[in-house]
Amino acid sequence: MFTPRNTYFALLVVQALHLLHHRLTKRHISFAEVISAIVLCVPWWLQIPPLLIMGTHITLIAVQIVGSVWIRKLSPDWNNLTTAARRFAFLCQFSCIDESEGLARMRAEPAWALTCTA
């Protein structure tokens, strides 16, 4: 039976399993996991229309399930330093690193990323 309480706990369980799946497959999380966590901070007993809260829970459950089924397509690998270097270069407005130098420095000095200034 669908109630805000039941869908809340279903989302809680699906979110926990999905995050475990991310950890076991060594994949990054995305905005969907963050949104689900924020929604789980809203208690089901608040005066929110039940259909709204249940619809949100069910939608996020579906998103988590699809994310788990297609995790290799939708989530970047933890070990992909090229992706990390590109993201870091973008954050530094392309002034800090060139990709090959950045990869070499990231492998040699993991704390290097904290010293980059634009």
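Which residues does Ile-61 touch, not counting residues up to four places away in sequence? In this predicted model, the contacts of Ile-61 under that condition are made with Thr-7, Ala-10, Leu-11 and Val-14. Ile-61 also belongs to the largest nonpolar core, a set of 7 residues that further includes Tyr-8, Leu-11, Val-14, Val-39, Leu-40 and Leu-60. Leu-11 and Val-14 therefore appear both among the contacts of Ile-61 and among the members of the core. At least two residues of this core are supplied by each of helix 1, helix 2 and helix 3, the last of which spans residues 50-69. The greatest contribution comes from helix 1, which gives 3 residues.

The packing of helix 1 against helix 2 was examined next. Two packed helices are described by the angle between their axes and the distance between the axes. Helix 1 covers residues 4-25 and helix 2 covers residues 31-40; their axes come within 11 Å and cross at roughly 145 degrees. The crossing of these two helices is left-handed. On the side of helix 1, the contact involves Tyr-8, Leu-11, Leu-12, Gln-15, His-18, Leu-19 and His-22, and these residues meet Glu-33, Ser-36, Ala-37, Val-39 and Leu-40 of helix 2. By character, the residues of this contact comprise 7 nonpolar, 4 polar and 1 charged. Tyr-8, Leu-11, Val-39 and Leu-40, which take part in this contact, are also members of the largest nonpolar core.

Between helix 1 and helix 2 lies a loop that contains Arg-27. The relative accessibility of Arg-27 is 11%, which is under 20%, and the residue therefore counts as buried. When residues up to four places away in sequence are not counted, Arg-27 touches His-22, Ile-71, Arg-72, Ser-75, Pro-76, Asp-77 and Trp-78. Of these, His-22 is also one of the helix 1 residues that meet helix 2.

Aromatic residues were considered last. A pair of aromatic rings is described by the distance of the centres and the angle of the planes. The model holds 4 aromatic pairs, counted for ring centres within 6.5 Å. In one of them, the ring centres of Trp-44 and Trp-45 are 5.0 Å apart and the planes stand at 80 degrees; because this angle is over 60 degrees, the pair is edge-to-face. The two residues are listed with separate accessibility classes: Trp-44 is partly exposed, with a relative accessible area of 25%, whereas Trp-45, at 57% relative accessibility, counts as exposed. Together with Tyr-8 and Phe-9, Trp-44 and Trp-45 form one aromatic cluster. Tyr-8 is thus a member of this cluster and of the largest nonpolar core.

Conventions. Residues numbered from 1 in each chain as written. Predicted model: local features only at pLDDT ≥ 70, side-chain atom pairs only at ≥ 80, totals over all residues. Heavy atoms only, no water. Phe/Tyr/Trp six-rings, centres within 6.5 Å; stacked < 30°, edge-to-face > 60°. Buried < 20%, exposed > 50% of the residue type's maximum accessible area, 1.4 Å probe, protein only. Axes fitted to C-alpha atoms, helices over the stretch in contact; angles between N-to-C directions. Helix = DSSP H or I, 4+ residues; strand = E, 2+ residues; numbered from the N terminus. Left-handed = near helix turned anticlockwise from the far one by under 90°. Contact = heavy atoms within 4.5 Å. Nonpolar A, V, L, I, M, F, W, Y, C, P; charged D, E, K, R; others polar. Core = buried A, V, L, I, M, F, W, Y, C linked by side-chain atoms within 4.5 Å.
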